[in-house]
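Student: Could you take me through the second largest pocket of this model, and through the parts of the structure that surround it?

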Amino acid sequence: MSLRFGILGLLAEEPLHGYEVKTRFESLLGGTWEVNIGQIYSTLQRLERDGLVAPADDRGDRGKLPYHLTATGRRTLDGWLRQPEEEPQQLREEIYVKLLLAGRLANGNVERLLADQRRVYLQRLKDLAGLERRSRDEGRDDLALLVRGAVLHTEADLKWTDAWAEEIRRAPKRGGRQ
Amino acid sequence: MTVMVELTDVRKLYNGGSPQAAVDGVSLTMQQGEFIAVMGPSGSGKSTLLNLIAGLDRPSEGRVLVDAVDVGSLSETELARFRRARIGFIFQFFNLLNNLTVLENILIPAQLAAVSPTVALDRATALMNGLGLAEKQRLLPGRLSGGERQRVAIARALINQPLLLLADEPTGALDSHAGEQVMERLTELNRRGQTILLVTHDAKLAAACAGRVITLSDGRVADDSRLKASPEVAPSDILRLRPGEAAP
């Protein structure tokens with residue numbers, strides 16, 4: 001999972017203690033992933049157990065210990081960085097299930113829900129466009145690219161609601177209980 | 001608030017064998033200072049709607065009021081005068097005259113409307129400065145990038161200080177960077193009070209610029225959404241990389 005590799009990647013730049021890892025990780029992702037400090041420490045401990053990171057010093061308060069990447073850690077990180085992601089597409093949003101069920105239970109009458117959902121996506125596009133512009137203004141072109149990804153996903157969501165609405169309009173019976 | 005555009009039960013039929021409605025019973029009101037985007041698939045009636053508001057086309061039924069003028073009742077001469085004085089136009093393919101310089105292109109509508117040359121030149125200079133075109137004013141359009149050409153077209157559309165700016169797919173022929181610059185110019189114009197009606201199939205463009213998005217489907221208004229200005233909130237309120245792991 002990517003918190004693990006996120007930590008390895010940050011430690012590849014320089015040794016960091018737990019709290020530094022947290023702030024750098026959140027800043028890397030422009031605040032789109034808030035991670036609690038407990039997760040950081042437990043992940044660091046697992047990484048240490050697996051021999052991928054090591055504390056720079058054995059003494060003192062463990063919370064203030066800087067960790068560095070081991071040679072094994074570096075190899076593991078490099079391997080991960082080269083590997084394309086092959087996970088199945090994840091459509092976790094509840095709206096998919098909601099529309100399917102509403103279609104069955106309301107006898108295909110989901111136009112209202114589709115219209116409301118569409119507005120949510122339009123508003124999201126506006127908010128994301130604002131975030132993308134702010135990222136560029138702050139010199140975070142990498143973050144703007146992340147936001148662009150979210151924009152493209154939202155555009156796809158919008159097209160998908162349109163396709164659903166179009167399907168209903170062309171064949172009113174379909175989408176209901178079959 | 002002042003009503004800028006008012007459509008009442010507007011239909012536009014085209015005769016091709018059997019009459020077909022390109023716009024089929026549209027009623028809507030647009031206030032002064034609004035920025036409306038009209039979306040919809042090809043053939044949904046977007047361009048016809050724009051042409052009706054611009055006075056380029058007359059409604060078959062219903063009434064189109066722009067700045068309280070019943071557009072459908074005007075003669076051809078009156079319509080031409082109405083368009084020159086009240087409407088600014090931006091097109092997808094810029095429609096610049098290639099044998100005239102940037103400045104000359106911008107001045108055309110002012111000359112047609114018999115604006116005094118001094119006033120017209122002052123306005124053109126201010127527009128070119130605002131749109132980053134001052135250095136380019138003596139060039140022919142052929143020497144400009146697509147984004148620059150569209151900015152020339154924006155200056156030309158604004159030279160007569162129109163009440164209403166109509167934009168038909170203004171970023172459709174531009175790469176995404178130039179498109180975004182044009183988009184920002186339009187947003188800025190609206191912030192300073194320009195009423196704008198934008199026709200586009202680009203959802204991001206529509207949502208980013210406009211405060212209201214109207215979606216057409218088969219010549220009818222399928223949706224009319226008002227969007228809130230984007231607040232300066234934490235990124236995680238807009239986008240979460242891992243929703244399950246964000247703050248509770």
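Tutor: Happily! The second largest pocket has a volume of about 910 Å³ in this predicted model. A pocket here is an open set of points on a 1 Å grid over the protein atoms alone, with protein on both sides within 12 Å along at least five of seven lines, and lining residues have an atom within 4 Å of a point. The volume is the space filled by probe spheres set on the points, which are joined across faces, edges and corners.

Of the 33 lining residues, A:Arg118, A:Asp162, B:Pro41, B:Thr215 and B:Leu216 are the closest to the centre of this pocket. The lining divides into twelve charged, eleven polar and ten nonpolar residues; Asp, Glu, Lys and Arg count as charged, Ala, Val, Leu, Ile, Met, Phe, Trp, Tyr, Cys and Pro as nonpolar, and the others, Gly among them, as polar.

On chain A, helix H6 (111-137) and helix H7 (141-170) each give two or more residues to the lining, as do helix H1 (46-54), strand E9 (212-217) and E10 of chain B. H7(A) gives the most, with nine residues. Helices (H or I, at least four residues) and strands (E, at least two) are DSSP runs, numbered from the N terminus.

Now to the two strands. E9(B) and E10(B) run antiparallel, joined by six bridges, and form a hairpin with two residues between them. In that turn, B:Asp218 has a positive phi of about 50°. B:Leu216, one of the residues closest to the pocket centre, has B:Val221 in E10(B) as its bridge partner.

Both strands belong to an open, mixed sheet of six in chain B, ordered E6-E7-E8-E3-E9-E10, where strands pair if DSSP finds at least two bridges between them. Its edge strands are E6 (87-90) and E10 (220-226), each pairing on one side only. At the E6 edge, four bridges join E6(B) to the parallel strand E7 (residues 164-168).

The contact between the chains completes the picture: 31 residues of chain A touch 35 of chain B, with contact meaning heavy atoms within 4.5 Å. Together the chains bury about 2,900 Å², 53% of it on carbon and sulfur atoms; this is the accessible area (1.4 Å probe) lost on being put together, summed over both.

As for conventions, residues are numbered from 1 along each chain as its sequence is written, while chains are lettered from A and ligands numbered from 1 in the order written. Local features need pLDDT of at least 70, side-chain atom pairs count only at pLDDT 80 or more, totals for chains, interfaces and linings use all residues, and side-chain values use heavy atoms, with hydrogens and water left out.

Definitions and conventions
1 Å grid on protein atoms, 1.4 Å probe; cavity = no way out; pocket = protein on both sides within 12 Å on 5 of 7 lines; lining within 4 Å. Buried area = accessible area lost by both parts, 1.4 Å probe.
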